[in-house]
Structure formats: C-alpha cells, structure tokens
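This report describes a structural model through its strand pairing, its nonpolar cores and the contact between its chains. The sequence and coordinates follow.

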Amino acid sequence: MSKIIVGRYIPGHSLIYKMDPRSKLLVTILFILAIFLANNPITYAIVTIFCFLAVIATGLKAKVFWDGVKPLIGLIFFTSLLQLFFMTGGHIYWHWWIFSLSSYGLVNAIYIFIRFTLIILISTVMTVTTMPLEIADAMEWLLKPLKLFKVPVDKIALVISIALRFVPTLFDETLKIMNAQRSRGADFNDGGLIQRAKAITPILVPLFIHSLETAIDLSTAMESRGYRSSEGRTRYRVLSWSKCDLIALIYFVLLVGLLLIFRTH
Amino acid sequence: MPVDNAVEFKNILFTYPDTEKAVLDKISFKIKKGSWTSLIGHNGSGKSTISKLINGLLLPDSIADSKINVLGMELNQETVWKIREKVGIVFQNPDNQFVGATVGDDVAFGLENRAVPRNRMVKIVRNVLADVGMLDYINAEPANLSGGQKQRVAIAGILAVEPEIIILDESTSMLDPSGREQILKIIRRLKKEKNLTVISITHDIDEANMADDVIVLNDGKILAQGTPTIIFDKTEMLEKIGLDIPFVYKLIDKLNKVGISVPQNIKTKDELKQYLCQLNLKK
C-alpha cells in the first residue's frame, strides 16, 4: 500500500517513454487544441487514427486506457445526449415539447462523443508514461516566462516536488494513525454518511499536527544544508531533448497539416 | 594560527520563546578538533539545542557577554552561512530530512544550494553514495528505503559538501540495532578517512563509551566533561540524574561493593573477563 503514487504512472520502455516530459506535455496540450480543428467526418477519422496510434505506441494494455475513460463515461454520454436532444437543424426525425431529434443533433452528438474520448485518451497517454515529478519539471519549464512577472517559479517547483515526495510518507502516517485509532475502538467502515465523516476527525487532527511537525523538521534540515533561497541554485536533475521528441513533433505537424487540408472551410 | 577547537561555547544562555526557564544556563565548553564527542543527558536537558546553536539555526539570548566559536570563526550574521558549510547535521527522523524525490536528488540538494556546476555535482553524488554503500539505490524513491538506508543517504548528502564537523543529533535512535551499528561503522570510517570532528548527541550509552570525550548535560548545565573512563567512573552522579551507565562500569561498581576490588585500569569487557578468570585461578 505504501507504494502508492500520485497520478497513474506505469513503468515502460516504449518510444513515448523516451520522450522529454516537456515535449510530451506540450504536444499533448497542442494535440487537444488540434482536436478542435476537426469539423467533418474525414478530419475526425484522421484525428482518431492519430490518437489511437499514439495509444498503441505506448505499448501498454488497452485496460489502462479504458480505466482512464471509465470514470468520465457518464459525463461524456450526458453531454452527447444534451447535443442529441436540444440541437435543432437539418432534418427533424422526432419532436416533443422542447426535445427534438434532428440530423444536426445526431452528427454533433457523435462529434462531441469522439472529441471527449480523444481528449481523455491523449491525456492518459501522457499521464501513464510520465512520472509526476517529470510532469512537475515540465510544468516548471513551461511556466518559466512568468519569471518576468516576478512569479517565483523555482520556489513553486521546489514546493511541488517536495509535496510529491511526501505523499507516500503522509499516506503511511495516515495508515498508522488509522490503526492506532482502530485499536482504541474507532470504527471507520460502519454507520451512515454523517457518522463516517465524523470518524475521519480523529484521523485528520493527528495527521494535520504530524504534517506541521514534519514541515518544521524539514525546513530546519533544509536550512542546515545551506538552503537560502531558490535563486542562484544549480539543478541536479536536467531534462534533455532526444530524437524521440523530433519524431513526436513531426507526427504532430503531420496531423495538423492533414487536418487543415481536409477540414471544411 | 592553527585552531585546536572545533567548537567553543562561552557563557551561552538560551531560552525558547514563550518559556520562562532557560534551556541552556550559561554554559561553556570546548570540543577538540578531530575528536568524537558524545553529548549525553535526558530529554529536555538541552542537547539538541546545542547542535542547533552550533550552526546558527538558533541564536543565543544575548551576544553581549557570550560567544560561540566554530572552527575559529565567531558565529554571527556574516559567518553563519560559512559555518553551515562546514557543519553537517544528521537529524533524528530519517523521513523529515529527506528533501529530494530520489536518493540522487536528495544528496545533490546541498550541492544545488551551493550552486555547484552539474557535471561536478553528478560526480560528487556518485562518490559519496559509494562511500556510504548506497550507490545501487541512486534512483530509488525514499518510500522504498528503510530507516537505516535513509540515514545513510542523509550522511551522503552531508559528506557531499565536505564538512569538517558532523553532528549526529540522535541520528540512530529511530533505527534497529543493526541499522544503528551500520551507521556508526560508516561514521567511524569516514571520520578517520576525512579527519572529521564528530559530535554525537545520543541516548545510547555504549556509543558514548566509545567516544574520545563525553559531555554530561543536566537541566541546562554541564555536569561533567571528560573521557568515558572518567565520566562513567562517577557512577553515583550519573545514577542520581537518572542516566544509564555502560554494563562494564555497572559490573565493576557492583563487584567493588561486594568486596572484590577491581583494579582502576580495567575498563573494557575483555579486560574484566580476563581479570575475573585469573581471580578464580589465584584462589
């Protein structure tokens, strides 16, 4: 249980894993934007194929991606149904009160469905192949221009990396506290919603105190190891571009090119 | 001018904010360069406060009539960062001093703070991890390490910045006996190789017995300072303040009380064993 990690990183060795987290994050964001370029069956087919090729390139099992889509499937269907019954235009097949089933609505519902699914799939490709820490590094790089506006990007990055590092530690501590309270007769699994919520208080209070103590200890340790401010520090962990990033870039440019050619103007 | 003392406290008074009683009550002591000094005393006797005063994490109440001197530098606002570069502290809780996301990152933390160029940093990290036998774990995450391994990483992180003084602030108290022994073995070897001064704050009386010098603290005052032989001979004094004494000293004390007078020069388990065997032969 203690090996819990934030996000859903799954170790692997395929081409996508060798990509720099920065280009992964960037291409993912741009890919999501590119999905909105599609506006007819051909372009939707193109972007779907590109997305599935990326999914296949991870070399992971289909279940991983299904797990990514599953929690949001209700939302996807709900949005699609709204489109289906409220959109009017084109040929109307059925009409009742404010609801109508039109050809426009039908096509749009399908588009929305595809769009949603693709966005989730492509972001799953990134989150399962990139460690949370790498994502944090990539985000720091993306946020660097904000330094011009005096945003303490280095400090934020350090805070995020420490937060990520302490997730398993605090999780262990939570288990310890839960066991300690159980041995005193606390019951976390029975009772109604309110009772269960109440049972959480004896976990949260000690956990809160513990994390404050940890923070004090950690800041003492950091200071005694010469931490003064985030500026003027060098970096041990560096990111480097590789050939894989070039491949990803070409792949993306190809996608955008095809979309621009085939979309209805 | 060569400096003989690694640390020198003169007349130090320290009170924590919002408390009345002083934790350290005008204490003065010297710690020799290159020595292994153990600080013993109960919880709340001011041991850990001393370690935090040495590298300026805490400041004494008044600087008018008191002085802290570390490696020939007087501790003040200007020298505090220089002194911190020379003094490394290994704290008690292995988790709460692990800053980096991986072993390598954590060891590099002190180097990053000192703006060491990356190519040198990578080399140093590998070297010091090899020194503490943790090189195989360079990419491991702290959640997958044992307490002893985390403390070894903490030591590596301190070695990386080449300090002259290492303070062990109850660093082994949360470890199992084998983990504790390993850490002490590593420190002993490194002390010899790199000519370090070790200040060990400890409850482990056997560890204190192996030190060059022992300082006994009680209620914010220094009760005694001297070699383990001198200190642990004062059985009554130590028992009065509720401190344990090493097994050999306890046994010698008991033997003396029942009328078997053990010679003064016998201080180790083996010597005592030999003496007792011969004692039987003589009878």
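In this predicted model, G88(B) stands opposite I166(B), a residue of β7(B). The two strands involved, β6(B) and β7(B) (residues 165–169), run parallel to each other and are paired over 4 bridges. In general, strands of a sheet pair through backbone hydrogen bonds, in either a parallel or an antiparallel sense.

Both strands belong to an open sheet of 6 strands in chain B, ordered β6-β7-β8-β3-β9-β10, in which the pairing is mixed. Its edges are formed by β6 (87–90) and β10 (221–226) of chain B, each of which pairs on one side only. On average, neighbouring strands of this sheet are turned by 15° against each other, direction ignored.

I166(B) also appears in the largest nonpolar core, where it is among the residues with the most contacts, together with V90(B), V107(B), V128(B), A156(B), A160(B) and I167(B). Helix α5 (residues 147–159) of chain B provides the largest share of this core, 6 residues. Beyond its neighbours within four places in sequence, V128(B) is in contact with V107(B), A156(B), L159(B) and A160(B). Another core lies apart from the largest one. The two cores are listed below.

| Core | Size | Residues include |
|---|---|---|
| Largest nonpolar core | 76 residues | V90(B), V107(B), V128(B) |
| Another core | 28 residues | C51(A), I122(A), A136(A), A138(A) |

The contact between the chains takes 28 residues from chain A and 29 residues from chain B. On the chain A side, α7 (153–183) and α8 (193–224) each supply at least two residues; α8(A) gives the most, with 8 residues. By class, this side of chain A has 10 nonpolar, 9 polar and 9 charged residues.

Notes
Residues are numbered from 1 along each chain as its sequence is written. Chains are lettered from A and ligands numbered from 1 in the order in which they are written. This is a predicted model: local features need pLDDT of at least 70, side-chain atom pairs count only at pLDDT 80 or more; totals for chains, interfaces and linings use all residues. Two residues are in contact if their C-beta atoms, placed from the backbone, lie within 7 Å. Ala, Val, Leu, Ile, Met, Phe, Trp, Tyr, Cys and Pro count as nonpolar, Asp, Glu, Lys and Arg as charged, and the others, Gly among them, as polar. Two strands pair if DSSP finds at least two bridges between them. Axes are lines fitted to C-alpha atoms, for helices over the stretch in contact, and angles run from 0 to 180 degrees between N-to-C directions. A nonpolar core is a set of buried Ala, Val, Leu, Ile, Met, Phe, Trp, Tyr and Cys residues joined through C-beta atoms within 7 Å. A residue is buried if 20 or more other C-beta atoms lie within 10 Å of its own, exposed if 12 or fewer, and partly exposed in between; C-beta atoms are placed from the backbone.
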